[in-house]
Amino acid sequence: MIIVMNTRASEAQIDRVQKKLEEWGFGTHYSQGVERTIIGVIGPKKPGIMEFIEAMEGVDKVVPILQPFKLASREFQSKTSQVNVGNLVFGGTKVVIIAGPCAVENEAQMMETAMMVKKAGASMLRGGAFKPRTSPYAFQGLEEEGLKILDNVRKEVGIPFVTEVVNPRDVDLVARYADMFQIGARNMQNFTLLKEVGKTKKPVILKRGLSATIEEWLMAAEYILSEGNFQVVLCERGIRTYETSTRNTLDLSAIPSIHRLSHLPVLADPSHGTGKRHLVAPLSKAAVAAGADGLLIEVHPDPESALSDGPQSLNFDAFEALLTEMMPIATAVGREI
Ligand code: PEP
Ligand code: MN
């Protein structure tokens, strides 16, 4: 439920409400507007509580949140959240472009890619050091050595990076290096991992699970938020359907659906969403037109020799051309690239 305090509510009245909620074992989240304080209350329903609180001094009204996801819902927070990574803003006017290879392979590959994607207009670098591969025999990533490479590249090129964490025990390690965590599709419902990143203060990209409904995805985000980390950005990366001509089916309707249901910013990943290089540009444009707050695009200096996801990776020229072509689309929907 949400407690809307009176515009004239005093500090003491707000404190009394807070104490009462604590006594009953509820968690609280404060949102201090210009005019009034709104208190989001988290915890199992108890009979009679809403009526009791509504009668307390300083309380204007108590509104139940009808969705099963509470902190992630638009009912809880009507304004779109802005998630900051340094001076980069997710959920603002700018469409944030994140680009880089699927996996960190070596320092030269990352250095070259970082310089190029930055020059073309990307504001964040991506690259997996821990790779959740379908086959145990496929390249699994360089692990900490990969994080060190990303760290060197960030220092040299001056671009922040996002990288995947696949295991709760690696959260601290990845947090020491990365500007932002990525939780991949396969781990969307790894609740132990979600809780671990929820305990940190680091921004997180939470990808949609391969077969997850929008509600399951928002419930996964709720795990992170309920641990106190509100720096969550969602990412639509395609879902399993009967269609086999693409790797996944990029669910573009998820973008405006999320915007309606949740205040969290949402990105699109047309690389994993299609698995096919020739589909990355048209679906990037469509995602921006549908209101995506950013794009995650796989770019490799030589896609044919990539250790993972080469068939869906763009080379530098294709990436640069895409950003130029996307500009008028962003302008048409009131955004910037
Ligand atoms: C990735 O971003 O490289 C990745 C593995 O993505 P997903 O979890 O969406 O498959
Ligand atoms: Mn990949």
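**Close-up 1. Buried residues of helix α4 in the predicted model.** Eight positions are named here: G146, L147, I149, L150, D151, V153, R154 and V157 are the buried residues of α4. The helix covers residues 144-157, 14 residues in total. From first C-alpha to last, α4 reaches 20 Å. That is close to the 20 Å expected at 1.5 Å a residue. Cover for the buried residues comes from elements that include two helices, α3 (107-120) and α5 (171-177). Strands β8 (124-126) and β9 (161-164) are also among the covering elements. G158 follows the helix, and its phi is positive, near 75°.

**Close-up 2. The shell around ligand 1.** Which residues surround ligand 1? They are C102, R126, K131, E164, Q182, G184, A185, R186, K207, R237, H272 and E298. By class, the shell divides into seven charged, three polar and two nonpolar residues.

**Close-up 3. Polar atoms facing the oxygens of ligand 1.** A polar backbone atom of A185 lies 2.7 Å from an oxygen atom of the ligand. For R186, the partner is in the side chain: an N or O atom there is 2.8 Å from an oxygen atom of ligand 1. The side chain of E298 also takes part, with an N or O atom 3.5 Å from a ligand oxygen atom. How much of ligand 1 does the protein bury? Taken alone, the ligand exposes 300 Å², and the protein buries 97% of that.

**Close-up 4. N84 and its contacts distant in sequence.** N84 sits in strand β5, residues 83-85. Is N84 buried or exposed? N84 has a relative accessible area of 37%, so the residue is partly exposed. Neighbours within four places in sequence are left aside here; N84 is then in contact with V89, P203 and Q231. P203 is 119 residues from N84 in sequence. In space, the two C-alpha atoms are 7.5 Å apart.

**Close-up 5. Helix α10 and the elements it packs against.** The helix runs over residues 277-289. Within α10, L279, V280, S284, A287 and V288 are buried. What do these buried residues pack against? Their helical partners are α8 (254-261), α9 (270-274) and α11 (316-332). Their strand partners are β13 (266-268) and β14 (294-298). After α10 comes G291, with a positive phi near 105°.

Note on methods. Residues are numbered from 1 along each chain as its sequence is written. Chains are lettered from A and ligands numbered from 1 in the order in which they are written. This is a predicted model: local features need pLDDT of at least 70, side-chain atom pairs count only at pLDDT 80 or more; totals for chains, interfaces and linings use all residues. Side-chain values use heavy atoms; hydrogens and water are left out. A residue is near a molecule or strand if one of its heavy atoms lies within 4 Å of it. A polar contact is a pair of N or O atoms within 3.5 Å; within protein, one must be able to donate a hydrogen and the other to accept it, and residues adjacent in sequence count only if both atoms are side-chain atoms. Accessible areas come from the Shrake-Rupley method with a 1.4 Å probe; for residues, only the protein chains shown count as cover. Ala, Val, Leu, Ile, Met, Phe, Trp, Tyr, Cys and Pro count as nonpolar, Asp, Glu, Lys and Arg as charged, and the others, Gly among them, as polar. Helices (H or I, at least four residues) and strands (E, at least two) are DSSP runs, numbered from the N terminus. The expected span of a helix is 1.5 Å times one less than its number of residues. Buried means under 20% relative accessible area, exposed over 50%, partly exposed in between (1.4 Å probe, protein chains only). Contact means heavy atoms within 4.5 Å.
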